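Biologist: Please take one buried, charged side chain in this model and look closely at its surroundings, and then lead me outward to the parts of the protein that help to put it in context. I am new to this, so a slow and connected account would suit me well.

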Amino acid sequence: MSDVPVPPAAEVPAEDPRLQELRLYAAQLERYAEEFGALFHRYKMQEAELEAATLAVVNAFVVALGAHDAYTRDHTQRVQRSALMIARTLGWSDTQLEEVRLGAVLHDIGKTSISDTVLCKPGRLSDTEYRNIQRHPVIGAHMISGFPALTSARPYVLYHHERFDGTGYPEGLRGHDIPIQGRLLAVADAVDAMLTLRPYRPPLRLEQVLRELNAGSGTQFDPQLVEAFLISGALDLYDLTHTPSRTHELSD
């Protein structure tokens, strides 16, 4: 039987080098996507853990403050609500509002280091006691400095007792050199102090508070922040039944 000749196999055309390169790129991109997905998942888990840890720290600070001085605990909650209303009036972003929320609740945390006999003293403070009270913004800023997630709270904690005319503390900053966070909180903080019962005096009447805001606009307070406070409706947070009519306005 004669051998049948086998036809030669057809040559497989060589793959276009550009297609090979594209396949390599596609495989690399797929690996990168998988790695990025894994990294992003770990990041989100760490972010959630960090947020939970931060909330735990904040709650611990608030509990410590409340145990030390119940008035200051309640004061910080009222100031937080008032400050948020001012910030919304100014059109601040959601991120900024969250920073207000955090900064306001922590702004007096340094008072945990001040003797409660000083904080609750019914009479006039001595010069030494007053200087001791004046340390609380710096102490508070130091207390939160070890927590990166609380960095945004620092200007509220450190600067809420600065005055627009430069005679405040702790740094004696003037005007717009005071971070706006401190200027905003200064108004909310002072109004709450005036409208609530203190160990050394009863709440001020509404007309007295409006007079103090008018007198302090441009000296103690940023005039724009005083205006924003009055527009914000934050006075509605307070029981003003013991005060005169709400028809009083700031003089021009």
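Modeller: In this predicted model, R201 is buried and yet has no salt bridge, for the nearest side chain of opposite charge, that of D192, is 8.6 Å away. Side chains of opposite charge can pair when their charged atoms come close. The cut-off used here for such a pair is 4 Å between a side-chain nitrogen of Lys or Arg and a carboxyl oxygen of Asp or Glu, so the 8.6 Å between R201 and D192 does not qualify.

What does the side chain of R201 reach instead, if we look at the backbone oxygen of T196? The side chain of R201 comes to 3.3 Å from that oxygen of T196, while a polar atom of the R201 side chain lies 2.5 Å from the backbone oxygen of A193. When residues up to four places away in sequence are set aside, R201 touches A193, M194 and T196. As for its place in the chain, R201 sits in the loop that runs between α8 (180–195) and α9 (206–216).

A useful contrast to R201 is R183, which does form a salt bridge, its partner being D222, with the closest N and O atoms 2.6 Å apart. R183 lies in helix α8 and D222 in the loop between α9 and α10 (223–232), so this pair ties together parts that are 39 residues apart in sequence. Both R183 and D222 are buried, and both appear among the residues that line the largest cavity, including also E162, R163 and F164. That cavity holds about 30 Å³ of space, and a search of the whole structure finds one cavity of 30 Å³ or more.

The salt bridge of R183 and D222 belongs to a count of eight. Another of them joins D165 and R163, at 3.4 Å from N to O, and here R163 is partly exposed, with a relative accessible area of 26%. A further one links E129 with K121, whose closest N and O atoms are 2.7 Å apart, and K121 is likewise partly exposed, at 24%.

Helix α8 matters to the picture in another way, since it gives the most to the lining of the largest pocket, with five residues. This pocket contains about 1,100 Å³ of space, and of its 35 lining residues the closest to the centre are Y130, H161, Y169, R198 and Y200.

Among those central residues, Y169 deserves a closer look. The loop between α7 (154–159) and α8 contains both P170 and Y169, and the peptide bond from Y169 to P170 is cis, with omega near 15°. Y169 counts as buried because its relative accessibility is 13%, below the 20% limit that is used for buried residues. Apart from neighbours within four places in sequence, Y169 is in contact with Y130, Q134, H136, P137, H161 and E162. Two of these contacts, Y130 and H161, are also named among the residues closest to the centre of the pocket.

For the wider setting, the protein has ten helices and zero strands, and buried residues, R201 being one of them, make up 38% of its 252 residues.

Technical notes:
Residues are numbered from 1 along each chain as its sequence is written. This is a predicted model: local features need pLDDT of at least 70, side-chain atom pairs count only at pLDDT 80 or more; totals for chains, interfaces and linings use all residues. Side-chain values use heavy atoms; hydrogens and water are left out. Helices (H or I, at least four residues) and strands (E, at least two) are DSSP runs, numbered from the N terminus. Buried means under 20% relative accessible area, exposed over 50%, partly exposed in between (1.4 Å probe, protein chains only). Lys and Arg count as positive and Asp and Glu as negative; His and the chain ends are not counted. A polar contact is a pair of N or O atoms within 3.5 Å; within protein, one must be able to donate a hydrogen and the other to accept it, and residues adjacent in sequence count only if both atoms are side-chain atoms. Contact means heavy atoms within 4.5 Å. On a 1 Å grid over the protein atoms alone, a cavity is a set of points where a 1.4 Å probe fits but cannot get out, and a pocket is an open set with protein on both sides within 12 Å along at least five of seven lines; lining residues have an atom within 4 Å of a point. Grid points are joined across faces, edges and corners, and a volume is the space filled by probe spheres set on the points.
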